[in-house]
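Visitor: I've just opened this one and I'm not sure where to start. Could you walk me through it?

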Amino acid sequence: MGRFRTLSARFFRRPAEEVAPELLGRFVVRDLEEERLVLRIVEVEAYLGARDRASHAWQGRRTGRNKSLYEDGGVAYVYFIYGMHYCLNVVTGRSGNADAVLLRAAEPIAGAGTMLEHRRLSRSPRPGDLAGGPGKLCQALNIDRDFDGSPLTRGALRITEGEGATPEVIVTGPRIGIAYAGEAADWPLRFAIRGHRHVSRPLPWSK
DNA sequence: CGGAAGATCCACT
DNA sequence: GTGGATCTTCCGA
């Protein structure tokens, strides 16, 4: 397929905190009927399954919504939130473990025009409007629950690498929107490319 | 079976 | 910076 090489299942079958920073600088490829949409990942968060109070799988919870979290690494976990948004996770680790990485923000590489149409903005777009947030990212790629449990190693939605290594510096911080999670709210499981303009919210960049 | 909350986003002040 | 939208999902009774 040339420029964008799909990552193998082996890549995903490791703990989320290990996979998460390695997803930065890699790509989400979404094939539509007549067009390929490509985003470059610039911000993610790791969720540590049963041992993480912020995870949907806290204390081993198994529900109808979260069952794909327990699949072998390399599939999508897509859930619906706040009555109107979807969030896309990359499931990691082995079967029975519920680790996952939330894709929070990405930079448009190809198909920005179509992504802008998907976003249905009323105002003129500013940087970060296309995919600078987990809900925006899903809307831009037209992702919904139909992708829940689907493989990211083949098919219409894939995680790939491009050419060369990731040149940027990675910074970490606490995760967003999980104040209820007690001690886990402080864990530095949010990862981003330092200073990147498409990040959803500022991090304390180290200088 | 009902109530409450939620890994968010947008418009408005 | 604040509040409202909007509805699925979950948990307790």
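Here is a short chat about the protein and the DNA beside it.

Visitor: Before we dig in, what kind of model is this?
Guide: Keep this in mind as you look around. What you see here is a model that is predicted.

Visitor: How many residues surround DNA strand B?
Guide: Look along the strand and you'll meet Asn89, Arg119, Ser122, Gly135 and Tyr180, which are the closest. By type, the residues near the strand split into 11 nonpolar, eight polar and four charged. The number surrounding DNA strand B is 23.

Visitor: Which side chain has a polar atom 2.4 Å from a phosphate oxygen of DNA strand B?
Guide: Two other side chains go to bases: His85 has an N or O atom 2.9 Å from a base oxygen, and Asn89 has one 2.6 Å from a base nitrogen. The phosphate oxygen is paired with a polar side-chain atom of Arg119.

Visitor: Which element gives the most residues to the surface near DNA strand B?
Guide: The elements giving two or more residues are strand 4 (76–81), strand 5 (85–91), strand 6 (99–110) and helix 4 (134–141). The top contributor gives three residues, and that is helix 4.

Visitor: What share of the DNA strand B atoms within 4 Å of the protein belongs to sugar or phosphate?
Guide: Those atoms fall into two groups, with bases making up the rest. The sugar or phosphate share is 54%.

Visitor: Which residue with a positive phi follows helix 2?
Guide: Helix 2 covers residues 16–23, and its buried residues include Ala16, Val19 and Leu23. After the helix comes a residue with phi near 85°, and that is Gly25.

Methods
Residues are numbered from 1 along each chain as its sequence is written. Chains are lettered from A and ligands numbered from 1 in the order in which they are written. This is a predicted model: local features need pLDDT of at least 70, side-chain atom pairs count only at pLDDT 80 or more; totals for chains, interfaces and linings use all residues. Side-chain values use heavy atoms; hydrogens and water are left out. A residue is near a molecule or strand if one of its heavy atoms lies within 4 Å of it. A polar contact is a pair of N or O atoms within 3.5 Å; within protein, one must be able to donate a hydrogen and the other to accept it, and residues adjacent in sequence count only if both atoms are side-chain atoms. Helices (H or I, at least four residues) and strands (E, at least two) are DSSP runs, numbered from the N terminus. Ala, Val, Leu, Ile, Met, Phe, Trp, Tyr, Cys and Pro count as nonpolar, Asp, Glu, Lys and Arg as charged, and the others, Gly among them, as polar. Buried means under 20% relative accessible area, exposed over 50%, partly exposed in between (1.4 Å probe, protein chains only).
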